[in-house]
Amino acid sequence: MTGFDEPLREVLLQTEDLEWVDKSLAGLSHKMLWRDPETEASIALVRFEKGSGIPSEHKHASNQFMFCLSGRYVYLPTGTTLTKGSFYWNPKGVVHGPTLAQETSVLLEVYDGPHYPERPSFYDNDEDAR
């Protein structure tokens with residue numbers, strides 16, 4: 001007995017079979033792997049094309065975790081640079097950015113709750129800020 005009303009099941013995604021979905025920020029696309037509709041926690045692959053990035057300072061409404069699968073992704077004010085194998089943790093509420101992809105970069109991005117306290121100006125719709 002699991003104690004849950006619904007039976008548990010495993011889920012397997014082949015990320016190569018998923019299409020990259022463009023966001024309203026030029027050069028940014030994602031493959032959503034999982035999202036909790038109640039907490040808004042999520043796991044996604046994000047891709048920044050070379051020369052793109054987050055154009056301004058911002059903060060998140062939850063903890064942000066990123067693992068760099070490929071590329072070179074730089075936080076400009078601090079020089080913090082993610083390269084293949086790098087793990088980055090940005091605590092809830094810490095202002096960071098802007099960023100720049102010096103090479104096309106693919107990151108596994110995890111949030112333990114909602115992404116932003118309010119939609120940042122670099123997105124033109126609420127869905128892209130989720």
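Which residue forms a salt bridge with Arg47? Select Arg47 and look for Glu49: the two form a salt bridge, with the closest N and O atoms 3.1 Å apart. Before moving on, keep in mind that this is a predicted model. Now colour Glu49 by accessibility. Glu49 counts as partly exposed, at 33% relative accessibility.

**Stop 1: the first hairpins**

Go back towards the N terminus and select residues 21-22 and 28-35. These are strand 1 and strand 2, and they pair in the antiparallel sense over 2 bridges. Click on Val21 and look across to strand 2, where His30 is the bridge partner. The two strands form a hairpin with 5 residues between them. In that turn, pick out Gly27, which has a positive phi of about 90°.

Next, add residues 42-48, which make up strand 3. Strand 2 pairs with strand 3 in the antiparallel sense too, over 7 bridges. To check the register, select Lys31 and find Leu45 of strand 3 standing opposite. This is another hairpin, with 6 residues between strand 2 and strand 3. The turn residue to click on here is Glu40, whose positive phi is about 70°.

**Stop 2: the annotated region**

Select residues 10-114. An unreviewed UniProt entry lists this stretch as "domain: ChrR-like cupin". Switch to cartoon view for this selection: the chain here is 0% helix and 48% strand. If you put a distance between the end C-alpha atoms of the stretch, you should get 24 Å.

**Stop 3: the nonpolar core**

Now show side chains for Phe48, Met66, Tyr73, Leu82, Leu107 and Tyr123. The largest nonpolar core has 17 residues, and these six touch the most other members. Strand 3, strand 4 (64-75) and strand 7 (99-111) are the elements that give two or more residues to this core. The largest share is that of strand 4, with 4 residues. As background, nonpolar side chains tend to be buried together in soluble globular proteins.

Stay with Tyr73 and expand the selection to its contacts, leaving aside neighbours within four places in sequence. What is Tyr73 in contact with? Its partners include Phe48, Ile54, Met66, Leu82 and Leu107. Also among them are Thr80, Thr81, Thr99 and Ser105.

**Stop 4: the aromatic rings**

Hide everything except the Phe, Tyr and Trp rings. There are 8 aromatic pairs in the model. Start with Phe65 and Phe87, a stacked pair at 6.3 Å centre to centre, with 20° between the planes. Phe65 lies in strand 4 and Phe87 in strand 6, so the pair ties together parts that are 22 residues apart in sequence. Is Phe87 buried or exposed? Phe87 is exposed, with a relative accessible area of 57%, while Phe65 is partly exposed at 23%.

Then turn to Tyr73 and Tyr75, an edge-to-face pair at 5.7 Å centre to centre, with 90° between the planes. Both of these tyrosines are buried. Add Phe48 and Tyr88 to the selection, and you have one aromatic cluster made up of Phe48, Tyr73, Tyr75 and Tyr88.

**Stop 5: a glycine in a loop**

From Tyr75, step across to Gly97: the two are in contact. Gly97 lies in the loop between strand 6 (87-90) and strand 7. Buried or exposed, this glycine? With a relative accessible area of 5%, below the 20% cut-off, Gly97 is buried. Beyond its neighbours within four places in sequence, Gly97 is in contact with Ser56, Glu57, Tyr75 and Pro77. Now draw a C-alpha to C-alpha distance from Gly97 to Pro55: the two are 7.4 Å apart in space and 42 residues apart in sequence.

**Stop 6: the remaining salt bridges**

How many salt bridges does the model have? The count comes to 3, and you began with the one between Arg47 and Glu49. Select Asp126 and Arg119, whose side chains meet in a salt bridge at 2.7 Å, N to O. Asp126 counts as exposed at 52% relative accessibility, whereas Arg119 counts as partly exposed at 41%.

Finish with Glu127 and Arg130, another salt bridge, with the closest N and O atoms 3.3 Å apart. Arg130 counts as partly exposed, at 31% relative accessibility.

Technical notes:
Residues numbered from 1 in each chain as written. Predicted model: local features only at pLDDT ≥ 70, side-chain atom pairs only at ≥ 80, totals over all residues. Heavy atoms only, no water. Pairing = 2+ DSSP bridges. UniProt positions renumbered as here; feature names shortened; annotations may be inferred. Core = buried A, V, L, I, M, F, W, Y, C linked by side-chain atoms within 4.5 Å. Buried < 20%, exposed > 50% of the residue type's maximum accessible area, 1.4 Å probe, protein only. Contact = heavy atoms within 4.5 Å. Salt bridge = Lys/Arg side-chain N within 4 Å of Asp/Glu carboxyl O. Phe/Tyr/Trp six-rings, centres within 6.5 Å; stacked < 30°, edge-to-face > 60°.
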